[in-house]
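This report walks through one protein model, starting with a single residue and working outward to the whole chain. Please keep the sequence and the structure in view while reading.

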Amino acid sequence: MSNLFTRLKDSLSSDINELLDQKEQKNPIAMLNQHLRRCEKEVTRVRELIDRQYLLKDTFIREYHQASEMAEKRLKQAEIAERAGESELHEFALKEQEDYALKAERLKSSYDSTAKQLDQLEQKYAEMQRKLKDMYLKRMELMSRENIANANNRIDRVVHPEQVFGQSFSKFEESEMYLERLEKKVNANYHHNTIDARIRQLERELEKKSGQA
């Protein structure tokens, strides 16, 4: 049964990837926008994690100062207990001082490590932002190329329609030429049919003028 689910999962994943590839080929800018939105979310999420790391660093340094102060305080109290002859209290204060000193040392190490890691994270975050900005620029370049291609295509439709419409434009052009020939033929027939009547009228007018003279 698990093999069946695995095969179904692989098949669905393959189909989805194929659809995404087809969609990307049809509209690469839309896919780039989708990718940019995912990257923007990742940048925001990384910034939140870095800010959270700053809070942890502040906590480490605050706890370090408190542990150091307590270690120093217990050391002074151990000296007072020793001078007073309170050996049991002296030993307890020394044990506390050692614990606080170890804690302070561990906190200082954590603080230094966190500060170093934060510097590295900030550098990587800056690189991440530069990459995102590069993608914005690439999108602008792609949009510019798309605009130019669309503009050239529309210009070609007007200036060189035969290159755009191909054979269909040739048929259109042939139809136009046929209509022009048909118009010329109709006009020629009209003049042919009317020229006899016109000539007869002109003859009558000339005869009438000759009679009057």
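Does Arg 74 count as buried or exposed? The model is a predicted one, and in it Arg 74 has a relative accessibility of 15%. Arg 74 therefore counts as buried, since the cut-off for that label is under 20% relative accessible area.

**Around Arg 74**

Arg 74 forms a salt bridge with Glu 96, and the closest N and O atoms of the two are 3.0 Å apart. This pair links distant parts of the chain: Arg 74 lies in helix H2, Glu 96 lies in helix H3, and 22 residues separate them. Arg 74 is also touched by Gln 97, a residue whose contacts include Ala 71 and Leu 75 as well, not counting residues up to four places away in sequence. Gln 97 is found in helix H3. With a relative accessible area of 18%, Gln 97 is buried.

**Salt bridges**

The count of salt bridges comes to seven. Side chains of opposite charge can pair when their charged atoms come close. Three of the pairs are listed here.

| Salt bridge | Closest N and O atoms |
|---|---|
| Arg 74 and Glu 96 | 3.0 Å |
| Glu 122 and Arg 47 | 3.2 Å |
| Lys 76 and Glu 72 | 3.8 Å |

The pair of Glu 122 and Arg 47 joins helix H3, which holds Glu 122, to helix H2, which holds Arg 47, and the two residues are 75 residues apart. Glu 122 is partly exposed, with a relative accessible area of 24%. Arg 47 also counts as partly exposed, at 22% relative accessibility.

Lys 76 and Glu 72 are both in helix H2. They are four residues apart, which means that about one helical turn separates them. Glu 72 counts as partly exposed, its relative accessibility being 46%.

**Nonpolar core**

Which residues make up the largest nonpolar core? There are nine in all: Leu 32, Leu 36, Cys 39, Val 43, Ile 50, Leu 118, Tyr 125, Leu 132 and Met 135. Helix H2, covering 28-83, and helix H3, covering 87-159, each supply at least two residues of this core. The largest share comes from H2, with five residues. In soluble globular proteins, nonpolar side chains tend to be buried together.

Val 43, one of the core residues, touches Tyr 125, Met 128, Gln 129 and Leu 132, leaving aside residues up to four places away in sequence. Tyr 125 also has a charged residue at its ring: Arg 47 lies over the face of Tyr 125, at 4.8 Å from the ring centre. Arg 47 thus appears both in a salt bridge with Glu 122 and over the ring of Tyr 125. As for pairs of aromatic rings, the count comes to zero.

**The whole chain**

How many helices and strands does the protein have? Its secondary structure comes to five helices and zero strands. Along the sequence, the pattern reads α-α-α-α-α.

The protein has 213 residues, and 13% of them count as buried. Its accessible surface comes to about 17,800 Å², with 53% of that belonging to carbon and sulfur atoms. Among contacts in the protein with a separation of 6 or more, 74% are between residues 24 or more positions apart. The salt bridge of Glu 122 and Arg 47 is a link between distant parts of the chain, and so is that of Arg 74 and Glu 96.

Key
Residues are numbered from 1 along each chain as its sequence is written. This is a predicted model: local features need pLDDT of at least 70, side-chain atom pairs count only at pLDDT 80 or more; totals for chains, interfaces and linings use all residues. Side-chain values use heavy atoms; hydrogens and water are left out. A nonpolar core is a set of buried Ala, Val, Leu, Ile, Met, Phe, Trp, Tyr and Cys residues joined through side-chain atoms within 4.5 Å. Buried means under 20% relative accessible area, exposed over 50%, partly exposed in between (1.4 Å probe, protein chains only). Contact means heavy atoms within 4.5 Å. Accessible areas come from the Shrake-Rupley method with a 1.4 Å probe; for residues, only the protein chains shown count as cover. A salt bridge is a side-chain nitrogen of Lys or Arg within 4 Å of a carboxyl oxygen of Asp or Glu. Rings of Phe, Tyr and Trp (its six-membered ring) pair if their centres lie within 6.5 Å; planes under 30 degrees apart count as stacked, over 60 as edge-to-face and the rest as tilted. A charge sits over a ring if NZ of Lys or CZ of Arg is within 6 Å of the ring centre and within 35 degrees of the ring normal.
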